[in-house]
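Subject: Structure handover

Hello,

Please find the structure below, followed by notes on what turned up in it.

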Amino acid sequence: MGKIILTGDRPTGRLHLGHYVGSLKRRVELQNSGEFEKIFIMIADAQALTDNADNPEKIRQNIIEVALDYLSCGLDPEKVTIFIQSQVPELCELAFYYMNLVTVQRLQRNPTVKSEIQMRGFSEGDDDSQQARKGIPVGFFTYPISQASDITAFRATTVPVGDDQAPMIEQTREIVHKFNAVYGETLVTPQMLLPENQACCRLPGTDGKAKMSKSLGNCIYLSDTSKEIKKKVNSMFTDPGHLQITDPGKVEGNVVFTYLDAFCEPSHFAKFLPDYANLEEMKEHYRRGGLGDGTCKKFLYNIMEDTLQPIRERRSKYEQNIPLVYEILRKGSEVARVEAAKTLADVRKAMKIDYFDDAELIAEHTLKYKK
Ligand code: TRP
């Protein structure tokens, strides 16, 4: 059996460089590797609604943004199926059956859910604050189960995600094992595929905070203009101790160098900064003193532009043909539905709830009541 990929994103905003280095770039490489029989990329609107129940318009607006970001990075609808989660109702049905295989205690132990409950202010604390009273929506609490159905409905062998998703994949694997043990071998056990370059796993924000995040306002978006990129690179956090050019500088925790680690290729030096042969040489000079932040930022800006220019161009072409983008999503969702329906048929059969196709059951009951 060939290898199958499923992965996706919640449509809560435009995608940024953190997404690009952490997943999008990799997806395009995987798409072009020819190693996979099928690739499904899902816009997880239903999952996004689990903690945005009061803001459906946000999700509705961002589906197209995420789709445009996908296409502009080079995901090719001829090679991958891009679809919208809510348009595949089979996923809900599957999740409903999986719910019987997972305990409340197990869900409470899921580290990603735990930290998200904190972050969203869902925790039901003892105090009387607004946030403490909000409580945890059941749909949100159970989204790891829904994610297991996303993955297994497409018989995914491979799930390329960031390390924050590890608990989700682990939970999925448990559900698969439980299901197969109870109902017989039916589901495929997925494997998680982490990004190769650890520097890429988690790109910090432009302010040096651990993660790029919309709420912190420290993102560089794939759809940013050259002007916006220049401004953001120029305002990047560097080494606060590096006051004069001649002062020795630190590259650890220096966002400009972290980004260079993630984006810089040897060819960029010949092209934009021929004074150095590679990043090591450049870092050495910075540490020693004598290399100014301005030069480093200009170099980073040039590299960013080199990376983002083709993405921006592709985006603007698709922006001029929005009906086509929706058509891609509609067709993708149809293909995804057919795939998921096949798995659902297997699941119903394994669970023996395919009553009308179960000749044995009808025969058994015929015999039981025959006079
Ligand atoms: N939870 C993922 C995120 O936060 C999105 C997602 C939903 C997903 N279903 C998935 C990722 C299935 C991989 C596989 O971005």
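The shell around the ligand divides into 6 nonpolar, 5 polar and 2 charged residues. Here Ala, Val, Leu, Ile, Met, Phe, Trp, Tyr, Cys and Pro count as nonpolar, Asp, Glu, Lys and Arg as charged, and the others, Gly among them, as polar.

This is a predicted model, in which local features need pLDDT of at least 70 and side-chain atom pairs count only at pLDDT 80 or more, while totals for chains, interfaces and linings use all residues. Residues are numbered from 1 along each chain as its sequence is written, and side-chain values use heavy atoms, with hydrogens and water left out.

The ligand

In total, 13 residues surround the ligand (a heavy atom within 4 Å of it). The closest are Met-42, Gln-47, Gln-147, Asp-150 and Gln-165. Strand 1 and helix 9 each supply at least two residues of this shell; helices (H or I, at least four residues) and strands (E, at least two) are DSSP runs, numbered from the N terminus.

Three side chains have polar atoms beside the ligand, as follows (a polar contact is a pair of N or O atoms within 3.5 Å):
- Gln-147: an N or O atom of the side chain is 3.0 Å from a nitrogen atom of the ligand.
- Gln-165: a polar side-chain atom lies 3.1 Å from a ligand nitrogen atom.
- Arg-10: a polar side-chain atom lies 3.5 Å from a ligand oxygen atom.

On its own the ligand has 360 Å² of accessible area (Shrake-Rupley method, 1.4 Å probe), and the protein covers 90% of that.

The pocket

The ligand takes up the space of the largest pocket (more than half of its atoms lie within 2 Å of the grid points). A pocket is an open set of points on a 1 Å grid over the protein atoms alone, with protein on both sides within 12 Å along at least five of seven lines; lining residues have an atom within 4 Å of a point. The volume of the largest pocket, the space filled by probe spheres set on the points, is about 1600 Å³. Of its 47 lining residues, Arg-10, His-19, Glu-116, Asp-164 and Lys-211 are the closest to the centre. Helix 1 gives the most to the lining, with 5 residues.

The cavity

The structure holds 1 cavity of 30 Å³ or more (points where a 1.4 Å probe fits but cannot get out). The largest cavity has a volume of about 50 Å³. Helix 1 provides the largest share of its lining, 4 residues.

Regards

Key. Polar contact = N/O pair within 3.5 Å; in protein donor to acceptor, adjacent residues only side chain to side chain.
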